[in-house]
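User: Please take a close look at the charged pairs in this model. I am new to the structure, so describe where the partners sit and what lies around them.

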Amino acid sequence: MPSTRRRSFLWRYRRLLFLLGLFAGAVLGGAAYLLVRVPLPPVEEQAQTTFLVDANGTRLATLAGDTNRVNVELGQVPKTLIDAVLATEDKSFFEHRGLDPLAVARATWNDVRGRPLQGGSTITQQYVKNVYRMRERTLARKLREAALAVKIERKFDKDEILERYLNTIYFGRGAYGVQAASRAYFGKDVGDIGLREAAFLAGLIRAPVAADPEKSPETANARRDRTLRAMHGAGFVTAAQRADVERQPVASYVVPKDKAEPTFALPEKGTQYFVEQVRQQLVARYGEATVLGGGLRVKTTLDLRMQAAAYDAVYGLLNRPDDPAGALVAIDDNGWVRAMVGGRDWAASKVNLAMGTAGGGSGRQPGSTFKPFVLAEAVRQGYSVQSTLPGPPKVVFPKANKGADYPVENYENEDFGPAVSLVDATANSVNTAYAQLVDVVGPAKVADLAQQMGVGSDLVRGLSLTLGTSEVSVFELASAYSTLANRGERVEPTMILEVATADGRVLDRAQPVRRKVLERRHADVVTYCLQQVVLRGSGTGAAIGRPLAGKTGTTQDFGDAWFAGYTPKLTAVVWMGYPEGNTKKMLNVRGRKVNGGSFPAAVFKRFMQAATRGLDTGAFPPAPNLGGKPLKPSPKAVLPTTTTSSTSTTSTTTPNTTSTSVPGSSTTVPVAGTKPP
């Protein structure tokens with residue numbers, strides 16, 4: 001009787017069974033054809049996040065496009081996370097050869113009946129779909145996916161497939177792969193997570209955005225708990241472990257999105273300005289696609305401790321809403337840029353005030369911080385710094401300003417007498433003596449030397465050069481002063497020490513570029529004179545109780561104020577002013593006019609004291625031989641008919657040549673009397 005029923009059933013449905021058999025044969029034939037004929041395409045290079053670290057290896061910043069991914073090896077992934085993923089996504093992963101026949105059959109049957117294709121893909125199939133961008137939901141795609149999954153299983157072992165899969169999954173919050181997801185949701189590396197974090201991440205895989213606890217804490221808990229049930233059922237966790245995690249709301253251990261790991265370390269200390277300069281250099285070398293998606297590992301020269309000290313020195317002092325802005329650059333004796341303060345707040349303004357035009361802004365007039373280049377050229381030409389020049393309150397150079405007379409005055413009309421040595425003229429920033437000096441040695445030669453020392457901007461080749469009327473950046477002035485700190489050796493500044501790939505292959509390693517610009521004995525003489533500025537001149541406010549050389553600078557009508565200085569091992573330049581430019585003057589900052597010896601010197605001191613704490617700053621060479629040929633006053637300079645004593649500040653007689661004042665602006669030659677030290 002049973003056999004008759006079976007025959008009757010088979011006979012009754014013979015046509016349907018024939019069609020099903022024919023269809024199954026076609027499917028199997030098609031699958032076999034695909035398996036044989038469909039080539040395995042090359043795996044697309046997966047975009048990875050680029051990481052920047054400071055000189056000590058501390059994470060500084062991440063650079064990424066739309067994809068935040070950090071590949072890790074399978075051995076770095078905790079077993080509990082692997083168990084959670086296997087229990088949730090593919091329990092038989094280590095048994096099958098890429099396909100789960102029952103799941104494939106179920107998906108095919110639903111497609112035949114016109115129903116939506118169901119899930120059930122193996123981990124290998126999911127990997128294929130992710131890396132080969134197979135998004136359409138069709139039977140042909142499913143068959144091709146199955147064929148490629150089999151080929152993948154033949155090419156790679158199970159551990160390699162699992163590692164690749166874990167590095168390609170999207171977890172939401174822009175994070176691809178388990179490492180980026182762990183940082184995005186927990187603020188820690190994947191190797192440091194436990195069961196509760198692992199269960200949550202595995203629960204995100206199917207629909208990560210919907211299960212973000214900030215959007216739906218109930219969904220997040222439910223997904224996590226489903227993973228825990230699967231893990232318990234597979235024997236990966238005990239009932240007690242499961243219950244313990246289920247009692248903890250996911251939101252209690254997931255970091256809120258707005259407090260997730262920042263792109264920059266110490267963003268409140270202005271690190272973004274330095275990182276942006278590094279990013280631009282990397283893009284110029286490797287292209288934007290590689291920088292934002294190539295997974296580069298970049299070691300920079302920045303010292304985060306010094307960076308914090310620099311920012312605190314500038315904006316810890318300039319901390320009132322109506323205070324001017326400030327910028328600072330510090331470069332060590334290797335040419336490494338150790339700190340860069342480019343502005344108060346990156347979110348408010350991305351113009352890097354330390355970089356001038358290279359930072360999206362403009363250069364600033366350096367004032368008397370340019371005088372050391374004039375002095376260096378004089379020493380290089382063999383003149384003795386013990387030579388004297390007249391230091392009256394005012395001198396005039398007839399027809400030196402495009403046919404008009406060019407008057408130069410000392411700050412507050414101070415008279416330094418008929419004979420002031422170059423040492424004292426440097427210490428006290430005597431404009432009238434330096435105007436004569438630049439005329440004797442030649443402005444063009446001074447400009448050439450300054451550029452050889454590190455000033456990259458175009459420079460006016462006229463008498464006003466000695467008063468710092470050509471615009472420069474804080475960065476290039478720091479570079480040029482570091483040439484003096486290095487005893488005449490120009491060391492090209494660098495911000496990038498090493499660039500490597502994600503797997504550790506070094507692409508580039510910085511090699512210091514050194515070039516002798518000044519003889520050591522000449523640089524040492526200039527340093528000696530600049531030490532006097534700090535010991536007894538206009539820069540005493542910058543003294544730190546250690547060997548230090550430096551120079552103050554203030555521009556016309558108090559538009560910019562500077563202090564530039566160095567120890568034997570560290571150079572720093574501080575600028576202060578309003579970002580609007582010289583149209584806004586510092587005539588009343590906290591009740592006082594700002595010159596280089598005031599706020600900038602104080603900022604420099606605060607930074608240097610903090611930056612060099614516990615460090616050996618070195619010592620300058622013993623006092624050098626200051627001898628050389630004597631200077632004679634410039635024959636072009638017209639001096640007053642009489643002068644008062646060197647300590648007097650009373651008025652002088654009128655010069656014997658009529659002068660014409662030059663209107664002040666950032667592009668015209670200023671009257672030196674409005675420019676303090």
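Analyst: A residue counts here as buried under 20% relative accessible area, as exposed over 50%, and as partly exposed in between. The model is predicted. By this scale R285 is partly exposed, because its relative accessibility is 40%.

R285 forms a salt bridge with D508, and the closest N and O atoms of the two are 2.7 Å apart. This pair links distant parts of the chain: R285 belongs to helix α12 (residues 271-286) and D508 to strand β14 (residues 506-509), with their positions 223 residues apart. D508 is partly exposed as well, at 29% relative accessibility.

In general, side chains of opposite charge can pair when their charged atoms come close. The count for this model comes to 30 salt bridges.

A second salt bridge joins D524 and R487, with 2.7 Å between the closest N and O atoms. This pair also links distant parts of the chain, 37 residues apart: D524 is in helix α20 (residues 520-536), and R487 is in the loop between α19 (474-485) and β12 (489-491). D524 counts as buried because its relative accessibility is 10%, while R487 is partly exposed at 28%. Salt bridges also make a network elsewhere: R173, D212 and E214 are joined into one through shared partners.

Another pair lies within a single helix. The side chains of D83 and K79 meet in a salt bridge, N to O at 2.8 Å. Both residues are in helix α3 (residues 79-89), four residues apart, which is about one turn of the helix. An α-helix has 3.6 residues a turn, so residues three or four places apart point the same way. The two partners fall on opposite sides of the cut-offs: D83 is buried at 8% relative accessibility, whereas K79 is exposed at 57%.

Helix α3 is also part of the cover over the buried residues of α8, and that cover further includes β2 (59-63), β3 (68-69), α7 (158-166), β4 (175-176) and α9. Helix α8 (residues 178-186) has nine of its nine residues buried, so the rest of the structure largely encloses it. The buried residues of α8 include R183 and Q179, along with V178, A180, A181 and S182. After α8 comes G187, which has a positive phi near 70°.

Leaving α9 (195-204), the chain enters a loop that runs to α10 (217-233), and R206 is placed in that loop. The side chain of R206 makes a polar contact of 2.8 Å with the side chain of E89. Leaving aside neighbours within four places in sequence, R206 is in contact with E89, S121, Q126 and R226. The C-alpha atoms of R206 and R223 are 9.5 Å apart, with the two positions 17 residues apart in sequence. R206 is classed as partly exposed because its relative accessible area is 44%.

Charged residues also appear where α10 packs against another helix. Two packed helices are described by the angle between their axes and the distance between the axes. The axes of α10 and helix α11 (residues 239-246) come within 10 Å and cross at roughly 175°. That angle makes α10 roughly antiparallel to α11. On the α10 side, R224, D225, L228, R229 and H232 take part, and they meet A239, R242, V245 and E246 in α11.

Residues of opposite charge also face each other across a pair of strands. K394 stands opposite E409 in β10. Strand β9 (residues 394-401) pairs with β10 in the antiparallel sense, over five bridges. Strand β10 (residues 404-409) is mostly covered, with five of its six residues buried. Two residues lie between the strands of this hairpin, in which K402 takes a positive phi near 55°.

For orientation, the model also has an open sheet of five strands, in the order β7-β6-β18-β17-β16 with antiparallel pairing. Its edge strands, β7 (337-341) and β16 (549-554), each pair on one side only. The twist from one strand to the next averages 5°. Within this sheet, eight bridges join β6 (residues 325-332) to β18 (residues 570-577), and V329 has V573 of β18 as its bridge partner.

Definitions and conventions. Residues numbered from 1 in each chain as written. Predicted model: local features only at pLDDT ≥ 70, side-chain atom pairs only at ≥ 80, totals over all residues. Heavy atoms only, no water. Pairing = 2+ DSSP bridges. Axes fitted to C-alpha atoms, helices over the stretch in contact; angles between N-to-C directions. Buried < 20%, exposed > 50% of the residue type's maximum accessible area, 1.4 Å probe, protein only. Contact = heavy atoms within 4.5 Å. Polar contact = N/O pair within 3.5 Å; in protein donor to acceptor, adjacent residues only side chain to side chain. Salt bridge = Lys/Arg side-chain N within 4 Å of Asp/Glu carboxyl O. Parallel < 35°, antiparallel > 145°, perpendicular 65-115°, else oblique.
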